Amino acid sequence: MIVTEYELRANWHKTKTKIITLPPGSVITPSARDFIRSKGIDVQIEGNGLQDIHKSTFSSANQSIDRSNRLQFFQEPNVLRETQNQTQTRTQAIAQAQTSISSGVKPEHMTHLRTGALVAKTHPVIAYRGQLDLFQCELVEAQGFFLQAGEEELILKLEEISVLCRELMVSEVKQEPFQWATLIGLTPEELRERSHHPKTYFGIDHTPLSYSHGPIVAKLHHLRAKSREVELYANRAFTDETGACSRTDLIQALNRLSSAFYILACQVRSRKTQEVNEKRVPLGTSNRHIHLSQVDMEALFGKNYTLRVQKELSQPGQFAAQETVALVGPKGSLEKVRVLGPVRKNTQVEISVTDCYKLGVEPVIRDSGQHEGTPGLEIAGPVGNVKLEAGVLVASRHIHLHSDDAKEWSLEDGDRVRVKVESQRPMVYEDVLIRVSDQYRKEMHLDMDEANAALIDATSQGKLMGV
């Protein structure tokens, strides 16, 4: 048995005893021996009476002999030899440990609980510290996971929790009271209240963890489970057999830590639920392009000409062709304007307001196919030119919806809606046309001027605000 200052001090404060009794073979660490002297405590070994505390290993040779003699009457010779060998090995190990301690060399199987307090590495406080270290490693790993998922707010929350864990470690090592006011913006009482009533605060019921909640929620629950394991180790380290706890401050903080992770998981679930219920649509940017009729295509590229596919577009059956043309207006021209396929009944040029100014044509906003009152221009191809009398337009901002999506959202072809574009520069677009077909894929189209004005990127989305 290794007797440490920590154990002696804890027991002495409870009993104020002046005599302690130890089993044979006990090892008293130097700091424990100093504590015994400072408190005037007498030490006795079971069966041997009071001992000289200048020794730190206590063992009775007579007692060992007597015990061996008694074993001879009740054990087989081979069992007796095994017992004697175990006793000898244990005695040698104790002697080696004591020699190392006396010479100032720390045994490999022991470590410092704190300055002057040497304990076995299996000591419950050392185990607690190890679990707290491991937990902080998992926090860092989770931050990397959330970084990949774009969860910047969660990364900041975990950084706050990491700071709390480091302060927990310092408080325990220095034996200082642990004090904290809030965590993730909530007091200890608020953490407990919200974790117990998620329906009230987040609109989420207490439900078993499910794959349907997503990987972010699963990761938060993993961290919650790990924090509860750290709390368990803390209870083992600081709570005695009677249930008395010497560090209730640490235990409370760890308990609220698991509440914090549950709250974060509920917040993510609540957010995801709202996103599902919201009418959200991906955004597509439409650069200047032209749709050709068969007659105009042959005039520009030759008899019986067929467009060659360069790449498929987001809408099924639509493609960007390899072919390009030049647009010539009263004031200027635009080169290499992409042709989109397949061919249409009438030729239509779709450009931005900025393009209109460069060409010198009036910008007229129209829905696709509505050419009345639109200007014309000249189209130049590799074989010939086409004089277009009308059909040059700035396309109305619009949303392509599959018929199933339109039914789910209670929308019909030709409806107009308001859409908030969520981007680096959020904007609300009015009078957005709904176009419905069983051949469409859900997507909102904006021209280059509109997209650039909102600083749209690949992560931007549109949210329907109303009809």
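Strand β11 is largely enclosed by the rest of the structure, because seven of its 10 residues are buried. The model in which this strand appears is a predicted one, and β11 makes a useful place to begin, since several of its neighbours can be followed from there.

On one side of the sequence, β10 pairs with β11 in the antiparallel sense over three bridges, and within this pairing E312 has F319 of β11 as its bridge partner. The two strands form a hairpin with six residues between them, where G317 takes a positive phi near 85 degrees. Strand β12, which covers residues 333-344, also runs antiparallel to β11 and is joined to it by six bridges; here L327 stands opposite L334 of β12, and the hairpin made by β11 and β12 has four residues between the strands. A further antiparallel pairing, again over three bridges, connects β11 with strand β15, residues 377-380, and in that pairing A326 stands opposite A380. Strands of a sheet pair in this way through backbone hydrogen bonds, either parallel or antiparallel.

Strand β11 also takes part in a side-chain contact. E323 forms a salt bridge with R308, and the closest N and O atoms are 2.8 Å apart. Because E323 lies in β11 (residues 319-328) while R308 lies in the loop between α11 (294-301) and β10 (309-312), the pair ties together parts that are 15 residues apart in sequence. The two ends of this bridge differ in their surroundings: E323 counts as buried at 3% relative accessibility, whereas R308, with a relative accessible area of 43%, is partly exposed.

Elsewhere, six strands form a closed barrel that runs β8-β21-β18-β20-β19-β22, with mixed pairing. On average, and with direction ignored, neighbouring strands of this sheet are turned by 40 degrees against each other. Within the barrel, strand β8 (residues 280-286) and strand β22 (residues 461-466) pair in the antiparallel sense over three bridges, and the bridge partner of V281 in β22 is G462. Strand β22 also supplies one end of a salt bridge, in which K463 meets E422 with the closest N and O atoms 3.7 Å apart. That pair links distant parts of the chain, with K463 in strand β22 and E422 in strand β19 (residues 416-422), 41 residues apart. K463 counts as buried at 17% relative accessibility, while E422 is partly exposed, with a relative accessible area of 25%.

The helices offer contacts of their own. Helix α9, residues 215-238, is connected to helix α5, residues 124-148, by an aromatic pair that links distant parts of the chain, with F238 in α9 and Y128 in α5, 110 residues apart. Y128 and F238 meet edge-to-face, at 5.5 Å centre to centre and with 75 degrees between the planes, and both of these residues are buried. The structure holds five aromatic pairs, and another of them is formed by F301 and Y305, which are stacked at 5.1 Å centre to centre with 20 degrees between the planes. Of these two, F301 is buried, with a relative accessible area of 9%, and Y305 counts as partly exposed at 22% relative accessibility.

Helix α9 also contains a salt bridge between the side chains of K226 and E229, 3.1 Å from N to O. These residues lie three residues apart in α9, about one turn of the helix. In an α-helix there are 3.6 residues a turn, so residues three or four places apart point the same way. K226 counts as buried at 7% relative accessibility, and E229 counts as partly exposed at 32%.

Charged side chains also sit over aromatic rings: K219 lies over the face of F145, at 5.1 Å from the ring centre, and R236 lies over the face of Y233, at 5.1 Å from the ring centre. The structure holds 13 salt bridges, and R114, R129 and E172 are linked in a network of such bridges.

Helix α7, finally, shows how burial can be arranged around an axis. The buried residues of this helix, which covers residues 188-196, are P188, L191 and S195. They lie on the same side of α7, because they cover an arc of only 60 degrees around its axis.

Note on methods. Residues are numbered from 1 along each chain as its sequence is written. This is a predicted model: local features need pLDDT of at least 70, side-chain atom pairs count only at pLDDT 80 or more; totals for chains, interfaces and linings use all residues. Side-chain values use heavy atoms; hydrogens and water are left out. Buried means under 20% relative accessible area, exposed over 50%, partly exposed in between (1.4 Å probe, protein chains only). The arc is that of the directions from the helix axis to the C-beta atoms. Two strands pair if DSSP finds at least two bridges between them. Axes are lines fitted to C-alpha atoms, for helices over the stretch in contact, and angles run from 0 to 180 degrees between N-to-C directions. Rings of Phe, Tyr and Trp (its six-membered ring) pair if their centres lie within 6.5 Å; planes under 30 degrees apart count as stacked, over 60 as edge-to-face and the rest as tilted. A charge sits over a ring if NZ of Lys or CZ of Arg is within 6 Å of the ring centre and within 35 degrees of the ring normal. A salt bridge is a side-chain nitrogen of Lys or Arg within 4 Å of a carboxyl oxygen of Asp or Glu.
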